[in-house]
Amino acid sequence: MNARLEWRVATLAGIRTETATARTLLLDVPGWPGHVPGQHVDVRLTDEDGYSTQRSYSLAAPADGDRVELTVQRVNNGEVSEYLTDTFAVGDPVELRGPVGGWFVWHPSRTAPALLVAGGSGIVPLMAMVRSRRDARSRAPFRLIHSVRSPSDQFYASELRRAARDDGGLDIATLFTRSAPAGSVRTPGRIGPADLELYGWPPQFEPTCFVCGPTGFVEKVANTLVGLGHDPRRIRTERFGPTGD
Ligand SMILES: Cc1cc2nc3c(=O)[nH]c(=O)nc-3n(C[C@H](O)[C@H](O)[C@H](O)COP(=O)(O)OP(=O)(O)OC[C@H]3O[C@@H](n4cnc5c(N)ncnc54)[C@H](O)[C@@H]3O)c2cc1C
């Protein structure tokens, strides 16, 4: 069988708290075949009665032997995300298969500018790209725009602050939709054309655009980028819609 389609038993080796409702899960997956940033996995839960259900989760970090990182945002009454963020404990097993996806990916050999636009937990696969770029010492110019409700909803906040401070090739803009920190110049609100013009790349730079988040967010950003003159063929999207079977 294709190694990517094979279910493997992963063990939870550690947990990082990202926000009050999001956790990064550090999983050991014996025989993991490796992956490129942007790809995701399927996670399958099975209860004692044999009922099973699966969901997709993006890989949050570059390939690192048998270690895989996922960041899961708890969705209210969510069958799988509530279990993974509240109950799943170090030493517990879970089934996982992948990596999945070949279009929404960034290869460290790429030198073209990249514009990464995330809504909420859509930051996860884009963070894998930022980390991969750092590990590869790539000089591809990166701009990351992250739209979140409030400062307490930010994932990876201190790591991203450090990365932006230490790396002149990486610009990061965080846009708040509901409440912004005191002193913010931008009034809280949804991302719009002015934000993408101000914090993105001009279309003439021919950036590859990676847009990830809830379906409505992705549609809006992709359409706005096209309206601003970006070539649709350079806009890659990943929608975090419901993935139940
Ligand atoms: C390619 C891909 C990658 C993904 N990567 C991630 C990731 O890295 N991190 C992450 O946290 N999630 C990610 N998701 C979303 C994830 O697969 C699940 O949809 C999410 O965890 C909810 O599952 P659940 O079983 O908890 O909720 P469900 O029991 O399936 O749904 C509960 C309720 O929440 C609604 N709902 C379901 N999913 C969402 C959602 N994403 N946003 C808002 N409402 C929702 C449902 O319509 C339903 O009303 C990804 C989805 C896709 C397609």
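Start at the ligand in this predicted model. Its surroundings comprise 24 residues. Select Ser58, Gly78, Glu79, Val80 and Ser81, which are the closest.

Now colour the shell by secondary structure. Strand S4 (52-58) supplies at least two of its residues. So do strand S5 (67-73) and helix H1 (79-87). Switch to colouring by class. The shell has 12 polar residues, 8 nonpolar and 4 charged.

Why does the ligand shell lie between the domains? Colour domain 1 (3-100) and domain 2 (114-239) separately: both give residues to the shell, so it lies between them.

**The two domains**

Zoom out. The protein is divided into domain 1 (3-100) and domain 2 (114-239). Their centres, taken over C-alpha atoms, are separated by 24 Å. Next, select the contact between them. Domain 1 puts in 14 residues, and domain 2 puts in 14 residues.

Stay on the domain 1 side. Strand S1 (8-19) supplies at least two residues to the side that touches domain 2, and S5 also supplies at least two. Strand S5 has appeared before: at least two residues of the ligand shell come from it. By class, this side of domain 1 holds 7 nonpolar residues, 6 polar and 1 charged.

**The annotated span**

Select residues 5-106. UniProt lists them as "domain: FAD-binding FR-type", in an unreviewed entry. Put a distance label on the end C-alpha atoms of the span: they lie 22 Å apart. Strand accounts for 47% of these residues and helix for 9%.

**The parallel sheet**

Move on to strands S7 to S11. Here is an open sheet of 5 strands, paired in parallel. Trace the order across it: S9-S8-S7-S10-S11. Which strands stand at the edges? Select strand S9 (170-176) and strand S11 (235-239). Each has a single partner strand, so one side of each is left without a neighbour in the sheet. Look along the sheet for its twist, which averages 10° from one strand to the next.

Now isolate one pair. Strand S7 (residues 114-119) and strand S10 (residues 208-213) run parallel and are joined by 5 bridges. Show leucine 115: opposite stands cysteine 209 in S10.

Last stop: helix H5 (residues 215-227). What does helix H5 lie across? Show S7, S10 and S11 together with the helix; H5 lies across these strands. Against S10, helix H5 runs at about 155°.

Technical notes
Residues numbered from 1 in each chain as written. Predicted model: local features only at pLDDT ≥ 70, side-chain atom pairs only at ≥ 80, totals over all residues. Near = placed C-beta within 6 Å. Helix = DSSP H or I, 4+ residues; strand = E, 2+ residues; numbered from the N terminus. Nonpolar A, V, L, I, M, F, W, Y, C, P; charged D, E, K, R; others polar. Domains from an automatic or database assignment. UniProt positions renumbered as here; feature names shortened; annotations may be inferred. Contact = placed C-beta atoms within 7 Å. Pairing = 2+ DSSP bridges. Axes fitted to C-alpha atoms, helices over the stretch in contact; angles between N-to-C directions.
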